[in-house]
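Subject: Structure handover

Hello,

Here is the structure I promised you. Please open it and keep it on screen while you read my notes.

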Amino acid sequence: MRKRAALAVLTAVAAAAGLAVPGAYADDNVGDIQVDGVVVNGGKNTVIDTADKTITVSVTATDPSGIWDADFSLWRGPDGSDPYYSAEGLIDPDETTTPADCVASSSTTSTCSKTFTFEPDWWLTNADAGTWKVQAQVSANDGSYTDRWAYTTTRLQRHSKLTVNASPEPIAKGKTLTVTGKLSRANWDTLDYRGYTNQPAKLQFRKAGTTTYTTVKTVYTNSTGNLTTTALASEDGYWRWSFAGTTTTPAAVATGDFVDVQ
């Protein structure tokens, strides 16, 4: 496993990139720069399966002299002591760091963007799922700048899957239907999917010919992420499981399983 060695050198990597540990400094502003907003992954949570995931972080800023450059970092922990990740990640010592790509929309306003790549089982572990802070630094042509260590936050989430199976099919009206399924999520330590235990999932039903699902009951996953329950079959329709998600795992909805009631 490569990840432990990677985490051990992240702070050194940050120093090599010219970035200090976040907790060591307060926000700083010099001059007239106005920041309109920092956007991570298009404003969406970053959902990662078992493969590398690259996202873009951008900032739009304005200064009378024009915008010169920007930089970003993602980090965790109240003082930066938890796993800390710079924009370049694990920098090859034979390579130089790359600046943000700044595109001017006028003589005073630019949008600067930079990519981040998250690598499961390299430096990213299951424990890293959750809320991360986003630092943004912006510099103007006249030397003014702004630096905020927690301009916004973003969530890194472990991709989830949800299945369903309703049986028997077909079934006589009024008989008992058994509905099973499984809720699983990406395991960044082992690069596969494992059951998500003790999580509530809603059993939902949609009558044939309609478009709306109605919740029948809530069932919790067992120690392997499996779901099972029973329901009375009263009419033709579709059965599915729906999971609302958590801070570390996105919502998931199974594709409805049609049952013919005779």
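Which residue forms a disulfide with C102, and how many Å apart are their sulfur atoms? The partner is C112, and the two sulfur atoms are 2.1 Å apart. Before you go further, please keep in mind that this is a predicted model.

**The disulfide**

The count for this model comes to 1 disulfide. C102 sits in strand 7, residues 101–104. C112 sits in strand 8, residues 109–118. The pair therefore ties together parts that are 10 residues apart in sequence. The link of C102 and C112 is right-handed, with 110 degrees about the S-S bond.

Are the two cysteines buried or exposed? C112 is buried, because its relative accessible area is 1%, under the 20% cut-off. C102 has 26% relative accessibility, so C102 counts as partly exposed.

**The sheet around the disulfide**

Strands 7 and 8 also pair with each other. They run antiparallel and share 4 bridges. One place to look is A104, which stands opposite S110 in strand 8.

Both strands belong to an open sheet of 4 strands. The order is 2-4-8-7, and the pairing is antiparallel. Strand 2 (34–40) and strand 7 are the edge strands, each pairing on one side only. On average, neighbouring strands of this sheet are turned by 20 degrees against each other, direction ignored.

**Strand 17**

Next, go to strand 17, residues 237–243. How many of its 7 residues are buried? The count is 6, so strand 17 is largely enclosed by the rest of the structure.

Strand 17 has these pairings:

- Strand 14 (residues 200–207) pairs with strand 17 in the antiparallel sense, over 6 bridges. Here Q204 has R240 of strand 17 as its bridge partner.
- Strand 19 (residues 257–259) pairs with strand 17 over 3 bridges, again in the antiparallel sense. Y238 has F258 of strand 19 as its bridge partner.
- Strand 18 (residues 252–253) is joined to strand 17 by 2 bridges, and the two run antiparallel. F243 has A252 of strand 18 as its bridge partner.

As you scroll along any of these, one general point helps. In a regular strand, side chains alternate between the two faces of the sheet.

**T154**

One more residue deserves a look. T154 is in strand 10, residues 145–158. T154 counts as buried because its relative accessibility is 6%, and the cut-off for buried is under 20%.

Which residues does T154 touch, leaving out those up to four places away in sequence? They are V40, K44, T46, G130, T131, W132 and V134. Among them, V40 falls within strand 2 (34–40), an edge strand of the open sheet described above.

**The whole chain**

Now the overall numbers. The protein chain has 262 residues, and 42% of them count as buried. It contains 2 helices and 19 strands. Take contacts between residues at least 6 apart in sequence: 69% of these join residues at least 24 apart. The chain exposes about 12800 Å². Carbon and sulfur atoms supply 48% of that area.

**Where to start**

I would begin with the C102 and C112 disulfide. From there, follow strand 8 into the open sheet, where the order is 2-4-8-7. Then turn to strand 17 and its pairing with strand 14.

Best wishes

Definitions and conventions. Residues numbered from 1 in each chain as written. Predicted model: local features only at pLDDT ≥ 70, side-chain atom pairs only at ≥ 80, totals over all residues. Heavy atoms only, no water. Buried < 20%, exposed > 50% of the residue type's maximum accessible area, 1.4 Å probe, protein only. Contact = heavy atoms within 4.5 Å. Areas by Shrake-Rupley, 256 points an atom, 1.4 Å probe, with all protein chains shown as cover. Disulfide = S-S within 2.5 Å. Pairing = 2+ DSSP bridges. Axes fitted to C-alpha atoms, helices over the stretch in contact; angles between N-to-C directions.
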